[in-house]
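User: I'd like a close look at one part of this protein, the inside space and whatever sits around it. Could you walk me through that, and then through the cysteine links as well?

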Amino acid sequence: MISLKAVLFAFYLVLLAAAAPAPSANEPTRILLRKRISLTRSDNTFDHDEAIRQNVKTANKIRRNILNIQRNTGLLPAGVVQVPPAALLPSRLLGKRQKVPLTDLEDDTEWTGNITIGTPPKTFLIDFDTGSSDLWVPSSSCKTCKGKTLYDASKSSTSSRKNGVFRVEYGDGSRTSGPIYSDTVTVGGIEATEQYFSAVTTESAGLVGGPEDGILGMAFPVLSNLRQDPFFVTAFKQKHAARNEFAFKLNTTGSELYIGGMNSTLYKGSPEYHNISSDAGYWQIGDAEALVDGKRAVSSFHTIIDSGTTIMYGPPAAVKQVYAAVKGSEVFDAETGFYSFPCATPPALAFTWGGKSWDVNPANLDLGQKEPGSSQCVGALAGQDLGLGDNVWLLGDSFMKNVYTVFSFDKNAVGFAALE
């Protein structure tokens with residue numbers, strides 16, 4: 001049988017068979033990011049319901065990626081034996097999201113910034129997601145996309161309708177779907193012409209009411225539902241990006257996405273790079289260890305670095321080992337994999353990939369008290385079977401907020417550096 005690695009290597013060579021950028025390429029550029037949706041309420045307690053929604057969202061994103069990999073290559077990723085079932089919201093939470101005031105949601109689960117689409121350009125507020133590969137925004141034909149900026153193909157001179165339909169199914173039975181177009185897309189001055197995307201005409205109930213207009217995926221092409229290059233791959237092939245990499249700083253203030261290079265004013269020293277360890281299309285790196293108070297708790301696993309995921313996830317058995325090393329830890333919710341620890345003595349959690357140890361700041365590990373006045377706080381590392389196999393973890397914003405993170409197509413690697 002042909003291996004997944006061989007299939008993807010050939011696929012990737014075709015998509016990225018472009019020469020290095022010419023000296024006239026656009027300069028690297030920064031896009032300021034805003035944060036939204038906290039898992040900690042204003043009274044410093046853990047928002048369990050919102051965490052469950054995020055779990056379901058993350059699990060279904062992974063499921064969609066696995067389906068896209070299978071469709072694009074004919075194979076499942078290594079370690080995955082079957083496509084996981086769709087994750088479902090508990091019945092008590094169905095439809096409840098719209099009752100939550102937006103002001104209660106504006107904090108740290110997704111990081112959004114502006115892009116433009118079309119000629120003349122129209123501005124959209126976008127979630128930049130390194131865990132997916134497609135761009136979509138609401139269409140002017142969407143009846144459920146109230147409060148969103150809408151894409152009207154008839155008003156862009158560079159718009160072109162393409163064959164096919166973009167369709168994403170969600171665990172609550174709703175879907176995001178719409179026609180496929182190409183148009184000029186610009187992110188912070190970096191332009192991609194004839195970029196494929198979808199202008200959705202129906203939007204999932206879970207997305208209605210959120211402040212962002214859509215999603216821009218920044219992973220590898222094999223994850224694409226559209227079967228097309230993601231934005232940054234297109235921009236580099238067209239020689240509109242100076243370097244074949246981008247970088248994130250996620251923090252309470254000064255968060256940014258830097259396109260076409262790294263912003264040297266935001267980090268110290270040189271980034272420590274780790275090679276991509278999978279052919280599945282993720283920004284996945286291997287040989288990881290989880291440390292608790294400086295001692296190894298779990299070792300020899302793989303990690304996907306995902307800006308579109310709020311917290312950190314590991315296989316349930318592995319996460320249980322981590323919390324077993326935390327004095328005073330307790331199971332908070334066995335079904336969703338959340339644990340708690342003493343608020344007064346948070347564990348010193350860190351990850352290493354054979355080089356430096358990268359600490360998770362206690363403030364980024366603490367999702368809030370179990371209940372008002374509780375001495376136990378819920379941790380931002382949860383044990384969940386996301387369908388990635390029994391040796392792959394997913395490290396989202398709760399990890400990325402502690403480091404400067406570089407995603408390098410050129411090096412086929414992820415790099416970390418200490419924040420300035």
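Analyst: Let's start with the lining: Val-292, Val-322, Tyr-323, Val-326, Pro-347, Leu-349, Leu-365 and Leu-381 surround the largest cavity. Bear in mind that this is a predicted model. Sorted by type, the lining comes out as 8 nonpolar residues, with no polar and no charged ones. As for volume, the largest cavity comes to about 40 Å³. The structure holds 1 cavity of 30 Å³ or more. If you're wondering how such a space gets found, rolling a probe the size of a water molecule over the atoms shows where empty space is left.

Two of those names lead us to a helix. Val-322 and Tyr-323 are part of the cavity lining, and they also turn up among the buried residues of helix H4 (residues 316-324), together with Ala-318 and Val-319. Looking down the axis of H4, you'd see these buried residues fall within an arc of 135°, so they line one face of the helix. Turn to the other side of H4 and you find Ala-317, Lys-320 and Ala-324, which are exposed.

Now the cysteines. A disulfide is a covalent bond between the sulfur atoms of two cysteines. Searching the whole structure gives 2 disulfides, and counting bonded cysteines along the chain, they follow the pattern 1-2, 3-4.

Take Cys-343 and Cys-377, whose sulfur atoms are 2.0 Å apart in a disulfide. The torsion about their S-S bond is 105°, and the link is right-handed. Cys-343 lies in the loop between strand E17 (338-342) and strand E18 (349-352), while Cys-377 belongs to strand E21 (residues 376-379), so this pair ties together parts that are 34 residues apart in sequence. One of the lining residues, Leu-349, carries a number that falls in the range of strand E18 (349-352). As for burial, Cys-343 has 25% relative accessibility and counts as partly exposed, whereas Cys-377 is buried at 2%.

The other link joins Cys-142 and Cys-145, again as a disulfide with the sulfur atoms 2.0 Å apart. The torsion about this S-S bond is about 75°, so the disulfide is right-handed. Both ends count as buried, since the cut-off is under 20% relative accessible area: Cys-142 has 8% and Cys-145 has 4%.

Technical notes:
Residues are numbered from 1 along each chain as its sequence is written. This is a predicted model: local features need pLDDT of at least 70, side-chain atom pairs count only at pLDDT 80 or more; totals for chains, interfaces and linings use all residues. Side-chain values use heavy atoms; hydrogens and water are left out. On a 1 Å grid over the protein atoms alone, a cavity is a set of points where a 1.4 Å probe fits but cannot get out, and a pocket is an open set with protein on both sides within 12 Å along at least five of seven lines; lining residues have an atom within 4 Å of a point. Grid points are joined across faces, edges and corners, and a volume is the space filled by probe spheres set on the points. Ala, Val, Leu, Ile, Met, Phe, Trp, Tyr, Cys and Pro count as nonpolar, Asp, Glu, Lys and Arg as charged, and the others, Gly among them, as polar. A disulfide is a pair of cysteine sulfur atoms within 2.5 Å. Buried means under 20% relative accessible area, exposed over 50%, partly exposed in between (1.4 Å probe, protein chains only). Helices (H or I, at least four residues) and strands (E, at least two) are DSSP runs, numbered from the N terminus. The arc is that of the directions from the helix axis to the C-beta atoms.
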